[in-house]
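Q: I am new to this structure and would like a close look at a single part of it. Please take me through that part slowly, and then through its surroundings.

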Amino acid sequence: MKILFQLEEAFKIAIQSILAHKLRSALTTLGIIIGIVSVTLMNMTIEGLGKAFQSSISSIGADVLYIQKWPWFAGEDWWKYRNRREIQITYAKEIKEKSSYAVAVAPSIGASTTIRFGGNFMENVFVIGTTEEFIYTAGVAVEMGRFMSEVEVKAERPVCVIGAEIAEKLFGNLNPIGRDLKIAGRSFKVVGVLEKQGKFLGIASLDDRVYIPIGQFIRMFPWRWGTTINVKVRDINEIEDAIEELRGIMRALRKLKPWQEDDFSINRQELLLNAYNQTVGIIGAVGLGITILSLIVGAIGVMNIMFVSVKERTREIGIRKAVGATRFAILIQFLIEAILISSLGGIIGLIFAIMLGFVVDQIIPTALPIWIALVAILISIIVGLISGLIPAYKASKVDPVESLRYE
Amino acid sequence: MTMPLIKLENVVKIYDLGAEKVHALRGINLEIQKGEYVAIMGPSGSGKSTLMNIIGCLDTPTSGRYFLNGVNVSELDDNELARIRNKEIGFVFQMFNLLPRADALHNVELPLIYAGVPGNIRKKLAREALEMVGLGDRLHHKPNELSGGQRQRVAIARALVNKPSIILADEPTGNLDTKTGNEILALFDELHAKGNTIILVTHEPDVARHAHRIIRIRDGMIESDEKVVDRIIAQKG
């Protein structure tokens with residue numbers, strides 16, 4: 001019971017002391033505030049990225065391989081891949097015939113152009129030329145109408161399938177099915193609208209794409225680079241075998257000698273995961289660096305102000321000891337004051353971080369589960385505890401005779 | 001024979017200042033009975049403050065023994081001394097020594113907080129103590145809103161609130177004008193009449209003559225210890 005009353009007294013006195021020195025307390029907490037803002041924003045973005053990544057990756061499908069000239073995330077070796085030969089669209093057909101693991105194979109190639117419907121238009125829309133099998137490799141469902149058919153692809157008909165965002169922005173409330181869309185000046189009949197996919201990693205949207213038969217694409221955009229062969233594998237557990245088989249088929253298609261290196265890349269989700277981990281790693285490292293630095297600054301600030309507080313209140317300590325305060329009672333009184341100042345900074349920092357989170361959210365997705373707020377408060381309490389320890393110990397050792405004489 | 005409230009046996013206090021050793025007390029033998037009103041007198045540097053600190057358990061003797069209520073407090077550690085101060089001793093200082101940011105009630109509550117008395121009882125006891133010193137209408141005034149005499153009354157209420165064995169007053173009128181000082185001394189008379197043991201440390205003979213017994217200290221030793229024959233009875237207000 002005794003300790004409870006002493007704690008209550010310690011809280012009362014600490015609040016009085018902080019209120020009596022508002023500006024000093026606010027300045028002291030600055031380091032803590034910055035530290036808590038940084039740790040909270042870091043956690044919020046890592047958490048947000050993780051969520052965005054999870055929802056995006058599952059929609060893309062982990063059982064799809066992408067044969068491309070470039071590996072994803074080439075890093076510093078990019079020059080090595082620059083001189084590789086382009087991937088040919090015709091590989092798709094060959095792979096479909098030769099592979100025992102592939103259930104769907106679709107070449108795809110894209111370009112940016114302007115699209116128009118009536119008076120509405122959109123610039124820099126990514127138009128993708130592909131085949132009917134793309135719908136199986138893309139892991140996306142059709143919302144309205146249908147995907148393009150084999151016949152339409154073979155005959156290179158002027159039909160298109162549009163992403164959900166295109167349908168919203170260009171057609172508004174109208175049903176786009178059967179209407180004519182102008183792509184780079186040519187008329188295409190809309191046969192289908194894809195289901196909304198959402199943002200990928202929160203940055204690039206897959207919903208603002210237009211899909212047309214690949215033959216049409218080649219006629220419209222003669223420059224042909226960046227071709228991808230999308231291969232959907234029968235069983236995700238066979239994906240390693242499928243990669244080996246595809247390598248063999250590709251090497252044969254490229255007529256590579258046994259001693260020559262692969263001049264193509266087989267990309268997969270796992271690589272995306274690596275990139276994700278890398279991004280998170282960088283955010284984590286930078287965030288942690290800033291956090292630790294500012295918390296050290298904050299801790300020194302709190303410690304400093306606590307030394308001042310102990311010095312200023314030497315007489316008060318003497319009075320308390322004279323009326324029966326033990327060393328321990330004095331110790332917890334100053335510890336609580338340090339913790340209170342520090343967690344005040346923690347709460348202010350948390351509020352700032354949440355507000356800043358709305359800004360950051362425009363660029364990188366963020367999320368705020370309750371544990372992030374708890375971690376922020378906990379960290380500020382621990383910093384307060386650590387930085388208050390030495391001043392509080394010093395206060396507890398004050399000699400009552402000396403301190404009662406102290407002016 | 002009853003046990004004395006305070007018994008000092010050959011108490012010596014030496015301050016080690018590195019270069020020299022200061023003999024503040026050179027062997028004090030002293031007994032004070034319960035209910036006595038004693039003044040300790042002496043010029044500055046005589047050792048009377050040191051003696052007061054030892055009697056008040058703020059300090060421990062270098063050698064010799066000090067029994068308070070039969071307990072040898074010269075052998076106790078810091079925490080036990082804090083408990084003794086809390087339970088047995090009520091201090092009244094020359095500089096009042098109130099917490100500046102706390103109101104009168106909270107200042108008086110302070111010893112009870114460290115004694116572990118629950119809030120509602122604490123408030124009640126503190127209010128009673130303040131009423132007893134005539135400050136029942138000043139409960140929520142801060143020290144800087146009170147006059148010197150009122151501040152000293154708050155300090156006395158704080159000294160009384162734990163019902164200690166000794167009230168130890170160190171120059172309690174030193175910072176007050178004569179009239180206010182007399183009021184405070186009248187309050188001590190009143191407390192003494194109610195059975196409290198009072199030890200008054202002072203260098204003013206007029207103040208000392210309110211007590212029943214005067215102990216004079218010089219150069220760390222007791223110079224004289226005698227009954228007061230011409231006691232001054234303080235006039236109230």
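A: In this predicted model, A:Ala325 is buried, because 26 other C-beta atoms lie within 10 Å, and a residue counts as buried from 20 such atoms upwards. A:Ala325 lies in the loop that runs between helix 12 and helix 13 of chain A, where helix 13 spans residues 327-360. The C-alpha atom of A:Ala325 is separated by 9.1 Å from that of A:Gln6, although the two residues are 319 residues apart along the chain. Once its neighbours within four places in sequence are left aside, A:Ala325 is in contact with A:Arg320 and A:Ile330 of its own chain, and with B:Ala82 and B:Tyr114 across in chain B.

Those last two contacts lead over to chain B. Taken as a whole, 21 residues of chain B are in contact with 21 residues of chain A. On the side of chain B that touches chain A, helix 2 (78-88) and helix 3 (104-115) of chain B each supply at least two residues, and the largest share, 6 residues, comes from helix 2 of chain B. Sorted by class, the residues on this side of chain B divide into 10 nonpolar, 5 polar and 6 charged.

Helix 2 of chain B deserves a longer look. B:Ala82, the partner of A:Ala325, is one of the buried residues of this helix, and B:Leu81, B:Ile84, B:Arg85, B:Asn86 and B:Glu88 are buried there as well. The buried residues of helix 2 of chain B pack against helix 12 (314-322) of chain A, and within chain B they pack against strand 4, strand 6, helix 3 and strand 7 (166-170).

Two of these neighbours belong to strand pairings that can be followed further. Strand 4 of chain B, residues 63-68, runs antiparallel to strand 1 of chain B, residues 6-16, and 5 bridges join the two; B:Leu8 stands opposite B:Tyr66 of strand 4 in chain B. Strand 4 of chain B also pairs in the antiparallel sense with strand 5 of chain B, residues 71-72, over 2 bridges, with B:Phe67 standing opposite B:Asn72 of strand 5. Strand 4 and strand 5 of chain B form a hairpin with 2 residues between them, and B:Asn69 in the turn has a positive phi of about 55°.

Strand 6 and strand 7 of chain B, for their part, belong to an open sheet of 6 strands with mixed pairing, whose order in chain B is 6-7-8-3-9-10. The edge strands of this sheet, each pairing on one side only, are strand 6 (89-92) and strand 10 (221-227) of chain B, and the twist averages 20° from one strand to the next. Towards the strand 10 end of that order, strand 9 of chain B, residues 213-218, pairs with strand 10 of chain B in the antiparallel sense over 6 bridges, and B:Ile215 stands opposite B:Asp225 in strand 10 of chain B.

Elsewhere in chain B, helix 5 (residues 148-160) and helix 6 (residues 178-193) pack at an angle of about 20°, with their axes 9 Å apart. They are therefore roughly parallel to each other, and helix 5 of chain B passes helix 6 of chain B in a right-handed crossing. In this contact B:Gly148, B:Gly149, B:Gln152 and B:Ile156 of helix 5 meet B:Thr180, B:Glu183, B:Ile184 and B:Leu187 of helix 6, which by class gives 3 nonpolar, 4 polar and 1 charged residues.

How values were computed:
Residues are numbered from 1 along each chain as its sequence is written. Chains are lettered from A and ligands numbered from 1 in the order in which they are written. This is a predicted model: local features need pLDDT of at least 70, side-chain atom pairs count only at pLDDT 80 or more; totals for chains, interfaces and linings use all residues. Two strands pair if DSSP finds at least two bridges between them. Helices (H or I, at least four residues) and strands (E, at least two) are DSSP runs, numbered from the N terminus. Two residues are in contact if their C-beta atoms, placed from the backbone, lie within 7 Å. Ala, Val, Leu, Ile, Met, Phe, Trp, Tyr, Cys and Pro count as nonpolar, Asp, Glu, Lys and Arg as charged, and the others, Gly among them, as polar. Axes are lines fitted to C-alpha atoms, for helices over the stretch in contact, and angles run from 0 to 180 degrees between N-to-C directions. Angles under 35 degrees count as roughly parallel, over 145 as roughly antiparallel, 65 to 115 as roughly perpendicular and the rest as oblique. A crossing is left-handed if the near helix is turned anticlockwise from the far one by less than a right angle, and right-handed if clockwise. A residue is buried if 20 or more other C-beta atoms lie within 10 Å of its own, exposed if 12 or fewer, and partly exposed in between; C-beta atoms are placed from the backbone.
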